[in-house]
Amino acid sequence: MSVPKIKGIVIAKAFAFFREVFTQHRSESYVTLLYNKERGEFDIHVPKQEVTYSSVSYDRGDNGAREGWRPIGTIHSHCDFSAFHSGVDTGDEASFDGIHITLGNVNRDEFSMVSSVVFSDNRRQHDPNDLIENVRQSAVTDVEEKGHVAGTTYMRRENLFRLDLTPEQSDEFCRWCDEVLPEAMKSVSKKFVSTGYYLRGDA
């Protein structure tokens, strides 16, 4: 993709939103990744969404497109568990060409993150450092996962990241948290599901 790297301030905004949603609702959440070609800059847009611990349903018509800005990808959270591209994620993103990022462990300062690029139904996993600036890998940990066969487990190596913002980005981030985050939270409501399956992005 002929776009610059995403600045860490964009990931910081998404992370702050995801953490606040998890704190208030103990749920996943979603933002649309926007790009302004003339400025060569990224930003996020928070659409109206209903959230649960394992899913988020958002208004696909509310994609944040405006003069100079267009949707170029997605970022969503995996609450307090590991970041990975689930089968639901892969299905949702199959028809959305662009950059797709998942943040996990948003209740911690060191968070997990995976990223991929989708184009014409082709998906390629990318190291987040190839797509994003101002984040640094801080640790590597082993995570135990359940296998497909009942009673089996396996170990998966996971990279953890920290934000590494410049002083200017830190000031901008603090202003965003004070001024924009409270308004963004008004777009989020908790959905209580008693039975059945709830698919992401079905609004």
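Is Asp80 buried, partly exposed or exposed? Asp80 is partly exposed, with a relative accessible area of 24%, where buried means under 20%, exposed means over 50% and partly exposed lies in between (1.4 Å probe, protein chains only).

Before selecting anything else, note that this is a predicted model, in which local features need pLDDT of at least 70 and side-chain atom pairs count only at pLDDT 80 or more, while totals for chains, interfaces and linings use all residues. Residues are numbered from 1 along each chain as its sequence is written, and side-chain values use heavy atoms, with hydrogens and water left out.

**The whole chain**

Show the chain as a cartoon, and five helices and eleven strands can be traced; helices (H or I, at least four residues) and strands (E, at least two) are DSSP runs, numbered from the N terminus. Of the 203 residues of the chain, 46% count as buried. Its accessible surface comes to about 10900 Å², of which 48% belongs to carbon and sulfur atoms, as computed by the Shrake-Rupley method with a 1.4 Å probe, where for residues only the protein chains shown count as cover. Among the contacts (heavy atoms within 4.5 Å) with a separation of 6 or more, 66% are between residues 24 or more positions apart.

**Strand β5 and its partners**

Select β5 next, residues 70-77. Six of the eight residues of this strand are buried, so β5 is largely enclosed by the rest of the structure. Add β1, residues 30-36, which runs antiparallel to β5 and is joined to it by six bridges; two strands pair if DSSP finds at least two bridges between them. To find one point of this pairing, select Leu33, whose bridge partner in β5 is Gly73. Then add strand β6 (residues 98-104), which pairs with β5 in the parallel sense over five bridges, and select His76 to find its bridge partner in β6, Thr102.

**Salt bridges**

Now display the charged side chains, since a search of the whole structure finds six salt bridges, each being a side-chain nitrogen of Lys or Arg within 4 Å of a carboxyl oxygen of Asp or Glu.

Return to Asp80 and add Arg26, with which Asp80 forms a salt bridge whose closest N and O atoms are 3.5 Å apart. Asp80 sits in the loop between β5 and α2 (87-93), and Arg26 in the loop between α1 and β1, so that distant parts of the chain, 54 residues apart, are linked by the pair. Arg26 is partly exposed, at a relative accessible area of 47%.

Move on to Lys13 and Glu172, whose side chains meet in a salt bridge (3.4 Å, N to O). Because Lys13 lies in helix α1 (residues 8-25) and Glu172 in helix α4 (residues 167-179), the pair ties together parts that are 159 residues apart in sequence. Lys13 counts as buried at 8% relative accessibility, whereas Glu172 counts as partly exposed at 33%. Add Asp43 to the selection, and a network of salt bridges linking Lys13, Asp43 and Glu172 comes into view.

For another salt bridge, select Glu183 and Lys186, where the closest N and O atoms are 2.9 Å apart. Glu183 is partly exposed at 46% relative accessibility, and Lys186 is exposed at 62%.

**A last stop at Ser55**

Finally, select Ser55 in the loop between β3 (49-51) and β4 (56-58), a residue that is buried, with a relative accessible area of 2%. A polar contact of 2.7 Å joins its side chain to that of Thr52; such a contact is a pair of N or O atoms within 3.5 Å, where within protein one must be able to donate a hydrogen and the other to accept it, and residues adjacent in sequence count only if both atoms are side-chain atoms.
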